[in-house]
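Reader: I've got this one open and want to go through it with you. Can we start with where to be careful, then look at the pocket and the core?

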Amino acid sequence: MRIQRLLILAVIVFFSSQFTNAQEGLPVYSDYLTDNYYLIHPSMAGVANCTKIRVTGRQQWFGEDDAPALLTASINGRIGESQSGVGAIVYSDKNGFHSQSGVYLTYAHHLMFSRSTSDLNMLSFGLSAGAIQYKLDETSFLFDGPDPIIGGIEQSATNFNVDFGFSYHLYDFYAHATVKNLLKNEGVNFNEQGLSYDNLRTYIVSAGNTFSSYNNDWSFEPSVMFMYRDATEEASFDVNLKAYKTMDFGKVWGGISYRRSLDGAEFVDGSGVSSQKLQYITPLLGVNLDEFMFAYTYSYQANSVVFNNGGFHQITLGYNFGCAKERYSCNCPAIN
């Protein structure tokens with residue numbers, strides 16, 4: 001029975017850490033769907049006709065001590081009338097005994113292939129450089145006495161890393177590809193041989209299209225996202241659908257996202273062995289009121305073996321300013 005409990009606990013830890021790892025740089029959740037693609041794709045800095053400020057707060061498993069929590073704040077916009085954009089991200093991510101905080105600065109350039117200002121045909125490149133401080137609190141680890149591989153202190157390390165990616169927009173279609181954490185970061189996770197998990201490289205590819213009919217207030221945006229972690233060879237995908245309704249005061253929108261891991265873990269289930277793959281179901285709801293934006297997302301982990309039946313709550317607040325006239329005649333929420 002003890003072995004069975006340990007195996008179940010291992011599965012729980014595996015799933016809860018796959019997408020809440022406090023040592024991977026800025027973690028990838030579903031917040032990019034709340035008009036926040038810049039968080040995961042640096043090439044989106046300055047794409048829109050407005051300068052955008054976005055603040056997000058995410059809390060997992062209410063009522064649990066040291067549950068994962070994430071705060072982010074970002075700003076991005078065009079440099080005047082040029083084809084360049086800049087942006088900045090600051091964040092704090094806590095997950096149990098691990099925590100990290102960081103800041104990224106971004107430069108992006110946008111190449112226009114449009115025949116006129118009304119057509120959208122744009123290729124964008126973006127580079128983000130970031131400084132990340134990792135912390136590991138070991139002050140409560142030595143409950144059984146001294147240990148040669150545990151310092152019993154709060155360890156910290158500061159690393160530098162970069163993200164690079166590109167985006168392509170053609171009328172109502174878009175595609176993004178980004179490599180995150182190009183450089184090696186040792187962080188603070190050392191084992192007894194003095195080795196550490198230092199390859200945090202993650203590949204992200206996403207694409208989508210917005211559909212609408214002429215003179216209709218409704219539009220629909222299906223999209224997909226694929227993510228692959230180089231060191232652990234973990235892969236997952238998102239399938240998303242959003243709907244928009246134009247109102248007199250702005251826009252109301254909502255949708256649903258489904259995330260599934262392509263990698264599973266086995267655990268003892270009674271007298272046999274079962275396997276499960278991480279699954280998230282995330283409904284989202286948002287409203288654009290003039291220059292303000294508010295969104296709420298709730299992620300539910302649809303697995304039989306979970307740490308907590310509670311979901312993951314996230315709120316996004318946004319403000320747009322310095323808006324230029326809509327440049328393109330397209331149904332492209334991230335641009336116009």
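Reader: How many contacts beyond four places in sequence does the model have for residues 190–195?
Author: This is a predicted model, and over residues 190–195 its pLDDT stays under 50. Counting beyond four places in sequence, the contacts for that stretch come to four.

Reader: And what's the average pLDDT of the protein?
Author: Some 76% of the residues score at least 70. Residues 1–22 pull the other way, with pLDDT below 50, though the model gives this stretch 49 contacts beyond near neighbours in sequence. For the protein, the average is 82.

Reader: On to the largest pocket: which residues are the closest to its centre?
Author: Its volume is about 920 Å³. The elements giving two or more residues to the lining are strand 1 (51–60), strand 7 (173–180), strand 10 (218–229), strand 11 (234–246) and strand 12 (250–269). Of the 41 lining residues, the closest to the centre are K251, E326, C332, P333 and N336.

Reader: How many charged residues are in that lining?
Author: Split the lining by class and you get 17 nonpolar and 14 polar residues. The charged ones number ten.

Reader: Which element gives the largest share of the largest nonpolar core?
Author: That core has 35 residues, and L120 and I335 have the most contacts inside it. Strand 3 (84–95), strand 4 (98–112), strand 5 (121–137), strand 10 and strand 14 (292–301) each give two or more residues. The largest share is three residues, and it comes from strand 5.

Reader: Which residues is L120 in contact with, leaving aside neighbours within four places in sequence?
Author: L120 is one of the two residues with the most contacts inside the core, and I335 is the other. I335 also turns up among the contacts of L120. The full set is S114, H169, L170, Y171, Y328, C330, C332 and I335.

Reader: Y171 has a positive phi; where is it placed?
Author: Most residues other than glycine have a negative phi. Y171 goes against that, with phi near 55 degrees. With a relative accessible area of 38%, Y171 is partly exposed. Its place is the loop between strand 6 (154–170) and strand 7.

Reader: Is D290 buried or exposed?
Author: D290 isn't a glycine either, yet its phi is positive at about 55 degrees. D290 sits in the loop between strand 13 (272–289) and strand 14. Its relative accessible area is 60%, and the cut-off for that class is over 50%, so D290 is exposed.

Note on methods
Residues numbered from 1 in each chain as written. Predicted model: local features only at pLDDT ≥ 70, side-chain atom pairs only at ≥ 80, totals over all residues. Heavy atoms only, no water. pLDDT = per-residue confidence, 0-100. Contact = heavy atoms within 4.5 Å. 1 Å grid on protein atoms, 1.4 Å probe; cavity = no way out; pocket = protein on both sides within 12 Å on 5 of 7 lines; lining within 4 Å. Points joined across faces, edges and corners; volume = space filled by probe spheres on them. Helix = DSSP H or I, 4+ residues; strand = E, 2+ residues; numbered from the N terminus. Nonpolar A, V, L, I, M, F, W, Y, C, P; charged D, E, K, R; others polar. Core = buried A, V, L, I, M, F, W, Y, C linked by side-chain atoms within 4.5 Å. Buried < 20%, exposed > 50% of the residue type's maximum accessible area, 1.4 Å probe, protein only.
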